Amino acid sequence: DELLREAISLSPGAAVTRLGLADRMFDRALVAPSPLAQAEALVAALHETTAVQARNPLDGRAWARSVRINGTLDALAEGGFAEDALRDSLTLAALYPGFWQPRLEVAATRLLLGDPVGALQDVGIAKSLGAEGPSVLFVEAMGLLAVGQRSEAQAVADQLLLEGGPEARAMHSELLRNLGQGG
C-alpha cells in the first residue's frame, strides 16, 4: 500500500496506480474482521475510483470498480448504495454499448433495487449482445422468480446445472433456496 501511495504522490493522475490501490482495498474489505473495517476499506477504495473518474470520466475501469464497490457496500449496509451502483452500471453500459457485461451489471443492480421487470429487460439486452453463462442464467432466474414466474425460474435454474462447475452449482443451490426447495 505504501508503495502505491508513494507512486500516487509522484503521479496523482496515474489511473493504473489508483485503481491498483482500490483493488487492494477492496480485497482487504472482503476479509476484514468487522463490518466497520470492511466499510472503511470500501469507502477508501471508492475514493480512489472517484479520483480516477474525476480526472477521466470515460475510464470504464473506474466505473466497473465503482459498481462492484457500491454493490458490496449496499450488501454490507443493507441498502443505500444500490442507487449509486445503478448509476455506475448505467454509465459503464453507456461507455461500452456493444458489450453485454455492463448490461448484466445493470440487470443485477435493478434486482437489488426491487425492479425485476427492468432487470429482465436488461438481461434480454445482454443476451442480444451475446451474453451467456451462469451469471446470466442466475440473474434471469432471480428476475423471473421476483415477478412470480416460478416455473420459468425453475427451468432457467435447471439450465445452470448444464453449465457445470462449482460456481454454477452454487448459483443453482441459491436459486433452489429462493424457490423454497432447499438446496
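Student: Does L176 count as buried or exposed, and at what relative accessibility?

Tutor: L176 counts as buried, because its relative accessibility is 14%. Three classes are used: buried (under 20% relative accessible area), exposed (over 50%) and partly exposed in between, with a 1.4 Å probe and protein chains only. Please note that this is a predicted model, in which local features need pLDDT of at least 70, side-chain atom pairs count only at pLDDT 80 or more, and totals for chains, interfaces and linings use all residues. Residues are numbered from 1 along each chain as its sequence is written, and side-chain values use heavy atoms, with hydrogens and water left out.

Student: In which helix is the place of L176?

Tutor: L176 belongs to helix α10, which covers residues 165-178. Helices (H or I, at least four residues) and strands (E, at least two) are DSSP runs, numbered from the N terminus. One may also relate L176 to A62: the two are 114 residues apart in sequence and 34 Å apart in space, C-alpha to C-alpha.

Student: How many helices and strands does the chain have?

Tutor: The chain has 10 helices and zero strands. Reading along the sequence therefore gives the pattern α-α-α-α-α-α-α-α-α-α. Along the principal axes, the C-alpha atoms fill a box of roughly 55 × 40 × 30 Å.

Student: What percentage of the residues in the chain is buried?

Tutor: Of the 183 residues, 40% are buried. D122, which lies in helix α7, is one example, since its relative accessibility is 4%. Between the C-alpha atoms of D122 and P35 there are 32 Å, with the two positions 87 residues apart along the chain.

Student: Which residues are in contact with D122, leaving aside its neighbours within four places in sequence?

Tutor: A contact requires heavy atoms within 4.5 Å. With those neighbours left aside, D122 is in contact with R103, V106, A107 and R110. For the chain, contacts between residues at least 6 apart in sequence can be examined by their separation: 48% of them join residues at least 24 apart.

Student: Which residues serve as examples of the partly exposed class?

Tutor: A77 is one, because its relative accessibility is 44%. A77 sits in helix α4, residues 60-77, and its C-alpha is 31 Å from that of S9, 68 residues apart in sequence. A14 is also partly exposed, with a relative accessible area of 22%. A14 is found in the loop between α1 (2-10) and α2 (15-30). A14 and R55 are 41 residues apart in sequence, and their C-alpha atoms are 9.4 Å apart.

Student: How should one read a pair of helices, and at what angle do α8 and α9 cross?

Tutor: One compares axes, which are lines fitted to C-alpha atoms, for helices over the stretch in contact; angles run from 0 to 180 degrees between N-to-C directions. Helix α8 (residues 134-146) and helix α9 (residues 150-163) have axes that come within 8 Å and cross at roughly 165°. That angle makes α8 roughly antiparallel to α9 (under 35 degrees counts as roughly parallel, over 145 as roughly antiparallel, 65 to 115 as roughly perpendicular and the rest as oblique).

Student: Which residues make the contact of α8 with α9?

Tutor: On α8 they are P134, L137, E140, A141, L144 and L145, and on α9 they are R150, E152, A153, V156, A157, Q159, L160 and E163. By class, nine are nonpolar, one is polar and four are charged. Here Ala, Val, Leu, Ile, Met, Phe, Trp, Tyr, Cys and Pro count as nonpolar, Asp, Glu, Lys and Arg as charged, and the others, Gly among them, as polar.

Student: How are α7 and α8 arranged?

Tutor: The axes of helix α7 (residues 116-128) and α8 come within 9 Å and cross at roughly 150°, so α7 is roughly antiparallel to α8. From α7, P116, L120, V123 and K127 meet V136, V139, E140, G143, L144 and A146 in α8. This contact has seven nonpolar, one polar and two charged residues.

Student: At what angle do α2 and α4 cross?

Tutor: Their axes come within 11 Å and cross at roughly 20°, which means that α2 is roughly parallel to α4. A15, V16, L19, D23 and F26 of α2 make the contact with R61, A62, R65, R68, I69 and T72 of α4. Six of these residues are nonpolar, one is polar and four are charged.
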